[in-house]
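Let's take a walk through a structure together. Have the 3D view open beside the text, and turn it around as you read.

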Amino acid sequence: MIRKSGLLVFLALLAAVFALVYLFAGFALRLGMVYTLEKAAGAEVNIEKVGVSLAPLALNIRGLQITDKDQPTHNSVSFAKAQAALELWPALLGYYVVQDLSLEGLEFGSERRRPGKVYRGENADAEEQIDLSDVLRLDIPNADELLARVDLQSKEKGEALRKLMAQQKEQLSGLKNKLPEKEKLDTIQAQIKALTESKIENAADLATKAEQLKTLQDSLRQEREKVRQVKEELSQMRTGLEQSVANVRAAGEADWRRLQELANIRDGGLAPLSEILLGDFWGKKISQLETFYRLIKPYIPAEGGKGAEEEVEEKPVLPNRILPLPRQPYPDFLVRNAQLQWLVAGGEASVRLQNITAQHAIINAPTTFSVDVEKLPRLATFSLNGDFAVREKMTTNVQWKMQGLVFDEFALGSGDNRLQLAQGLLASDGSLNLVDRLVDQQATLLLQKPEFRAAGNRYMGQLAELLNRQAEIPLQIKAAGQLSEPDVSVRSSLDKVIGDALLGEAREKLAAVETRLRQQLDATLKEQLGDESALLASLNRQGTEVDDVDGQIENMLNAKLQDVTSGAKDRLKDALLKRGKDD
Amino acid sequence: MLTLLAKILKVLNSEDSPWQIGWAVGFGVLAGLLPFGLLTLVILLIVCFFTINLSTFLLVWGVCGGLMLIFGEPLEAMTWQYAQNPAFLELLASTESLQLLHFHHTLVLGAFLLGLFLLLPLTWLGAFLVIQYRRRFMTQMRKWKVVQMLKASKLVQIYEKLS
């Protein structure tokens, strides 16, 4: 039953397997990588050599080039050498833990020795490309534009008020029906009068009349209860209406403040030029991070990225998944250290990353990254660092600092509004916090030694002249909100300077904008408030009527009843006194 | 194709016991279902240690490996669905040796359980069919012209010499 040479056969087979892996794995991996990357990139991919070493377990890739399908004479990405050293024990358990990953000579857009083949056509999404000339505008916004840019709260509140008023009008007509009928009250009043003015003959008569009076009294109390309910409802309606009107007025004031802020009217300056120049541009730049989010989203494990959003569990595509163990010794994929040497713009950038994974809860540490660039021909220094973690939410923090970025010629606006930034240096520092798709970013930009040229209208000429006189142009940029549609605010002390410097017509135009804006807002407010005062007057009128009825009932309940009893008492007293005298 | 047929006939006509061939079928299916890994090496070690017919084992392993390209995905999906038992997942998490054998990987787990489930029935079936073949058809088949032609072919003669 036992084969004596069994162990020998097994070892021979094992050795054959290892030999095969050692000899052909590199070749097979190279084929696989080329096939997969070409499929993804849609253009020729070249890999000089892929090698696998068994001790230590490592993958070496030399000379990878991915052709840029839009420009086949260049590569989209290329690198000279990459090495990934895998940890053996996690690999035996089925987890890919890379101890060290190094990438040398990483380049984006390097020239190829010969053009690469392109397998797929133009795929670039035109919507994702930003056309600066379309985005940037250089004009004073008019009142309509500003009103359109502000989401007027008073409109919403006004709508609520209108609904409330319609409802109250309907309720008011119903209330009238709830009040006691006048004829009924008159009848009761007549009956009470008849009772109180009638003579009481004896004790039995008194008891009978008192009983009749009590019945009328009970009936009156029921009517009074109805009146009080109506009074209560009227009071509530009045309070509701007053509150709603107050809300509309407060919203109108808030809208006005926001409009003033947006148009920079409060400071007597020009419309915020910096925001007009850069607001939308920066917003779009921020929203480009959405692309980054979409790129990494598939690699985020479902349990980590549970959000309130449309998470649909994807059907299994690739066989052999790791079961969701309650505890996992390693993430499915982890690179402990990665070092990239990035050849960029005639110099080098050093990129360092730690703990690259999408399952940060398992290692209890975030992915950290830092980029350092120094002494490039067109950039003095640039450093960026941050961290990234996927836990309950995906959180990214980035800080950057940049000095001495030399501008290429850069056009803002087009046609008559064209403003050309001929030269200048840019410095910037800032931070960005991204939680899922919510962005909160603050940045300071300093444009140094700018030289602007303007063609076209004389305002632009004045503006260029003024800007050229500035040694530095500071900008504070804040962006917050949804990544796809951030609320961007750009402020600069220059706005005030420009506002003060630009004379005459511009100021008049600004004043006209302010007046028109106030008029339009007031008109909107008036329209929202509608016939609120008429309704309030009718509520007050109704309230007075109800008070009268209530008073009438109260009088009937109190005064007349007291008369009856006191009259009866007097008569009884007289009768008793008379009987005493007789005795 | 001819060598494959010759190989099958040679094994069937060999002096190996039907159970040796039966076990080779059973283990061949088990190894074929599994993705290559440590478990495959364990199975290979068993096959090498015991007098299990190696030719049959390798043949069945290859055939079943091909079948998994078709049935792998539904088997994986089914395993993912049924393996979400908290106690079982806890056992996997706390036993590293089970993870070493990749039982926390759906396809390995599914294929291993299916292979294990099929091991004894297939072994018995394999042995039974070999016995039946030897009893009823072997003598007659040897007389078939196709078989004689095959035996006479150079390729088969070389193969027989080598083995």
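**A tour of the two chains**

Start with chain B: if you take its contacts between residues at least 6 apart in sequence, 85% of them join residues at least 24 apart. Keep in mind that you are looking at a predicted model.

What is chain B built from? It has 9 helices and 0 strands, so to speak a pattern you can read along the sequence as α-α-α-α-α-α-α-α-α. Of the 163 residues in chain B, 31% are buried.

How much trust does the predictor put in this chain? The mean pLDDT of chain B is 84, with 85% of its residues at 70 or more. Within chain B, confidence is highest in helix H2 (residues 18-33), at a mean of 93, and lowest in helix H9 (residues 154-162), at 63. For the model, the scores are ipTM 0.75 and pTM 0.53.

Now look for the nonpolar cores. The largest one has 33 residues, and those with the most contacts inside it are B:Ala24, B:Phe27, B:Leu34, B:Val47, B:Phe57 and B:Val108. The elements that give two or more residues to this core are H2, H3, H4 (54-82) and H7 of chain B. H2(B) supplies the largest share, 9 residues. Zoom in on B:Phe57 for a moment: leaving aside neighbours within four places in sequence, B:Phe57 is in contact with B:Ala24, B:Phe27, B:Gly28, B:Val47 and B:Ile52. Apart from this core lies another, of 22 residues, among them A:Ile192, A:Leu216, A:Ala251 and A:Leu517.

Stay with chain B a little longer and find B:Leu129, which sits in helix H7 (residues 106-142). Is B:Leu129 buried or exposed? It lands in between: B:Leu129 counts as partly exposed because it has 15 C-beta neighbours inside 10 Å. Try tracing the chain from B:Leu129 to B:Ile21, too. These two are 108 residues apart in sequence, yet their C-alpha atoms are 10.0 Å apart in space.

Over in chain A, pick out A:Glu48, in strand S1 (residues 45-53). A:Glu48 counts as exposed because it has 12 C-beta neighbours inside 10 Å, and a residue is called exposed when that number is 12 or fewer. Beyond the residues up to four places away in sequence, A:Glu48 touches A:Arg62 and A:Gly63. A:Ile61 is 13 residues from A:Glu48 in sequence and 7.7 Å away in space, C-alpha to C-alpha.

Next, see where the chains meet. The contact takes 21 residues from chain A and 24 residues from chain B. On the side of chain A that touches chain B, the elements giving two or more residues are helix H1 (6-41) and helix H2 (88-93) of chain A. H1(A) makes the largest contribution to that side, with 5 residues. Sorted by class, the residues on that side of chain A are 15 nonpolar, 3 polar and 3 charged.

Which residues of H1(A) meet H3(B)? They are A:Gly6, A:Leu7, A:Val9, A:Phe10 and A:Leu13, and their partners in H3(B) are B:Leu44, B:Leu45, B:Cys48 and B:Phe49. By class, this helix contact has 8 nonpolar, 1 polar and no charged residues. H1(A) and H3(B), residues 38-49, pack at an angle of about 145 degrees, with their axes 7 Å apart. Their crossing is right-handed.

Key:
Residues are numbered from 1 along each chain as its sequence is written. Chains are lettered from A and ligands numbered from 1 in the order in which they are written. This is a predicted model: local features need pLDDT of at least 70, side-chain atom pairs count only at pLDDT 80 or more; totals for chains, interfaces and linings use all residues. Two residues are in contact if their C-beta atoms, placed from the backbone, lie within 7 Å. Helices (H or I, at least four residues) and strands (E, at least two) are DSSP runs, numbered from the N terminus. Ala, Val, Leu, Ile, Met, Phe, Trp, Tyr, Cys and Pro count as nonpolar, Asp, Glu, Lys and Arg as charged, and the others, Gly among them, as polar. A residue is buried if 20 or more other C-beta atoms lie within 10 Å of its own, exposed if 12 or fewer, and partly exposed in between; C-beta atoms are placed from the backbone. pLDDT is the predictor's confidence in each residue, from 0 to 100. Axes are lines fitted to C-alpha atoms, for helices over the stretch in contact, and angles run from 0 to 180 degrees between N-to-C directions. A crossing is left-handed if the near helix is turned anticlockwise from the far one by less than a right angle, and right-handed if clockwise. A nonpolar core is a set of buried Ala, Val, Leu, Ile, Met, Phe, Trp, Tyr and Cys residues joined through C-beta atoms within 7 Å.
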